[in-house]
Number of protein chains: 2
Amino acid sequence: MNKIDHTSWSRDAIAADLERAIHEHRLPPGTKLGEDDLAEAYGISRTIVRAALLALSHRHLVQLRRNRGAFVAQPTPREAREVFEARSLLEPRTAHSAALRMTEADLALLNENIRDEHAALDAGENGRALLLSGQFHLEVARIADQTTIEAVISELISRSSLIIALYWRRRAALCETQAHHALLDAFARKDGAAAEELMKNHLLDLVASLDLRNVAPPPASLREALQR
Amino acid sequence: MNKIDHTSWSRDAIAADLERAIHEHRLPPGTKLGEDDLAEAYGISRTIVRAALLALSHRHLVQLRRNRGAFVAQPTPREAREVFEARSLLEPRTAHSAALRMTEADLALLNENIRDEHAALDAGENGRALLLSGQFHLEVARIADQTTIEAVISELISRSSLIIALYWRRRAALCETQAHHALLDAFARKDGAAAEELMKNHLLDLVASLDLRNVAPPPASLREALQR
DNA sequence: CGGGACAGTATTGTATACAACTTTGTGCCC
DNA sequence: GGGCACAAAGTTGTATACAATACTGTCCCG
């Protein structure tokens with residue numbers, strides 16, 4: 001693997017870099033993240049890589065298996081349901097708060113985000129579109145000015161990206177940006193109740209677009225499958 | 001510091017041990033957690049201590065300051081409000097679900113928990129009582145069978161303990177166990193709506209019992225105070 | 001030819017050595 | 001005596017060496 005150009009990677013920088021790659025589906029669920037590989041790729045020692053992997057494991061993006069290594073997490077159907085259950089408890093009310101606090105600058109930012117997402121979709125950059133879609137939700141939490149809830153939602157969004165990688169059914173990504181457009185309208189009107197309802201339905205639509213029948217997620221490797 | 005007897009402490013065991021000590025207020029907010037001290041106390045090298053501290057920092061129980069060390073976190077009044085805001089979004093609905101799924105064994109467990117809490121209070125073991133009070137809330141999430149939400153609540157409860165250490169006003173701890181008793185009644189009746197409402201009010205009471213006027217939390221040390 | 005034991009290889013787990021930084025103490029100069 | 005520069009001590013940050021464990025391939029035996 002080529003060395004990634006960067007003067008000096010910190011633990012957090014590496015964790016963020018990996019999280020982004022996971023979020024964009026460049027590192028699909030089950031991918032092994034070898035310590036030596038990563039250390040060489042980033043040009044540092046395993047010490048920092050280990051710390052970054054530990055950080056990602058606390059966000060449930062990486063599964064650590066003792067003496068076996070780190071793997072990009074593979075949420076089960078149950079975990080997938082739970083993640084969206086949690087999001088539906090947090091995000092609608094957060095959208096409500098955000099609507100009431102919305103400024104012109106915030107609206108412009110969200111609008112730009114939607115535009116970029118469209119552009120990414122048109123260019124066939126699905127990973128980037130997914131990342132931007134997540135950023136939209138995160139931005140809403142930021143606008144609601146709830147740092148703590150924002151941190152929780154941030155993790156849930158990243159996990160949602162893994163869930164989508166495993167269980168996405170429809171290819172119709174249009175509904176995504178449309179829902180965001182509708183939310184933006186409600187935000188522009190500072191209509192908290194409408195934003196709350198739209199967010200709630202948006203999340204329900206997302207879950208509905210998943211195929212969570214009890215098919216086991218693809219194993220990390222053929223070997224893994226044989227061990228069961 | 002004396003060496004704590006244990007054949008071999010793992011990273012998670014140390015993190016759990018420290019978290020418990022923080023939860024019970026044996027390690028008050030601002031306490032410096034020196035790596036050498038902990039390594040000697042647990043009879044292991046700094047490597048594992050660092051990993052445990054990193055884990056705790058991800059739960060916002062420990063604040064890591066580069067080149068300065070690890071300190072038991074000192075939530076700001078704002079953070080305190082946000083933590084209870086998050087709890088009030090998650091816990092009432094979770095209590096609702098729990099009520100519908102409640103079994104006799106669950107009821108017995110919760111009942112025992114309340115009894116222990118009473119006993120601890122009578123014995124003047126306030127730290128232990130606080131830990132048990134937190135466990136009650138965590139147990140509810142477990143009964144609701146929502147692992148993901150349970151993990152989030154677990155962190156919020158631990159942080160709440162730090163908040164209470166810093167901002168607790170009333171000494172009247174009676175309301176605590178009374179609220180838990182009322183919840184238990186609703187659970188026994190499998191009355192989800194009542195449980196949801198009781199939990200909501202219980203959390204509101206908790207916030208109301210805090211003094212979150214913008215007094216800065218006590219500094220980690222005299223030195224810290226002078227630096228500002 | 002199949003299966004199991006075993007050795008070799010590769011990867012992770014832990015401890016430790018050293019570097020970098022912060023803090024603390026001392027002394028000089030004004 | 002106050003303040004600044006500098007030196008010393010202590011603590012954290014990072015890399016690396018070694019130990020422990022898991023994986024892979026080979027050989028031997030039935």
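Is Glu24(A) buried or exposed? In this predicted model, Glu24(A) counts as buried, at 13% relative accessibility. The cut-off for that class is a relative accessible area under 20%. The side chain of Glu24(A) forms a salt bridge with that of Arg26(A), at 2.2 Å from N to O. Arg26(A) is partly exposed, with a relative accessible area of 48%. The pair therefore joins a buried residue, Glu24(A), to a partly exposed one, Arg26(A). Over all chains, the structure holds 36 salt bridges.

Chain A has 228 residues, and 49% of them count as buried. Its secondary structure consists of 10 helices and three strands. Read from the N terminus, the order of elements is α-β-α-α-β-β-α-α-α-α-α-α-α. Among the contacts in chain A with a separation of 6 or more, 76% are between residues 24 or more positions apart.

The three strands of chain A make up an open sheet with antiparallel pairing, in the order S1-S3-S2. Strand S1 (32-33) and strand S2 (62-65) of chain A are at the edges, and each has a single partner strand, so one side of each lacks a neighbour in the sheet. Strands of a sheet pair through backbone hydrogen bonds, in either a parallel or an antiparallel sense. In chain A, two bridges connect S1(A) with strand S3 (residues 69-72), and this pairing is antiparallel. Lys32(A) has Phe71(A) in S3(A) as its bridge partner.

In chain B, strand S2 (residues 62-65) and strand S3 (residues 69-72) are paired in the antiparallel sense over four bridges. Val62(B) is matched with Val72(B) of S3(B) as its bridge partner. The hairpin of S2(B) and S3(B) has three residues between the strands, and Asn67(B) in this hairpin takes a positive phi near 65°.

The contact between the two chains involves 24 residues from chain A and 23 residues from chain B. About 2000 Å² is buried between chain A and chain B, and carbon and sulfur atoms give 60% of this area. Of the area that chain A buries against chain B, 30% is supplied by Glu82(A), Leu89(A) and Thr148(A), more than by any other three residues. Nine residue pairs are in polar contact between chain A and chain B, counting pairs with both residues at pLDDT 80 or more. On the side of chain A that touches chain B, helix H3 (46-58), helix H4 (77-101) and helix H7 (147-167) of chain A each supply at least two residues. H4(A) gives the largest share of that side, 10 residues. By residue class, the side of chain A that touches chain B divides into 11 nonpolar, five polar and eight charged residues.

Two salt bridges are found across the interface of chain A and chain B. In one, the side chains of Asp145(A) and Arg78(B) meet at 3.1 Å, N to O. In another, the side chains of Arg78(A) and Asp145(B) meet at 3.2 Å, N to O. This pair runs between chains, from Arg78(A) in helix H4 of chain A to Asp145(B) in the loop between helix H6 (126-143) and H7 of chain B. Arg78(A) counts as partly exposed, at 37% relative accessibility, and Asp145(B) is likewise partly exposed, at 33%. A network of salt bridges links Arg78(A), Glu82(A), Arg101(B) and Asp145(B). Glu82(A) is also one of the three residues named above for their share of the area that chain A buries against chain B.

On the chain B side, Thr148(B) lies in helix H7 (residues 147-167). Thr148(B) is buried, with a relative accessible area of 6%. Leaving out residues up to four places away in sequence, Thr148(B) touches Glu79(A), Glu82(A), Val83(A), Leu156(A) and Arg159(A).

Within chain B, the side chains of Arg159(B) and Glu79(B) meet in a salt bridge at 2.8 Å, N to O. Arg159(B) lies in helix H7 of chain B and Glu79(B) in helix H4 (residues 77-101) of chain B, so this salt bridge ties together parts that are 80 residues apart in sequence. Arg159(B) counts as buried, at 4% relative accessibility.

Technical notes: Residues numbered from 1 in each chain as written. Chains lettered and ligands numbered in written order. Predicted model: local features only at pLDDT ≥ 70, side-chain atom pairs only at ≥ 80, totals over all residues. Heavy atoms only, no water. Contact = heavy atoms within 4.5 Å. Buried area = accessible area lost by both parts, 1.4 Å probe. Salt bridge = Lys/Arg side-chain N within 4 Å of Asp/Glu carboxyl O. Polar contact = N/O pair within 3.5 Å; in protein donor to acceptor, adjacent residues only side chain to side chain. Nonpolar A, V, L, I, M, F, W, Y, C, P; charged D, E, K, R; others polar. Pairing = 2+ DSSP bridges. Buried < 20%, exposed > 50% of the residue type's maximum accessible area, 1.4 Å probe, protein only.
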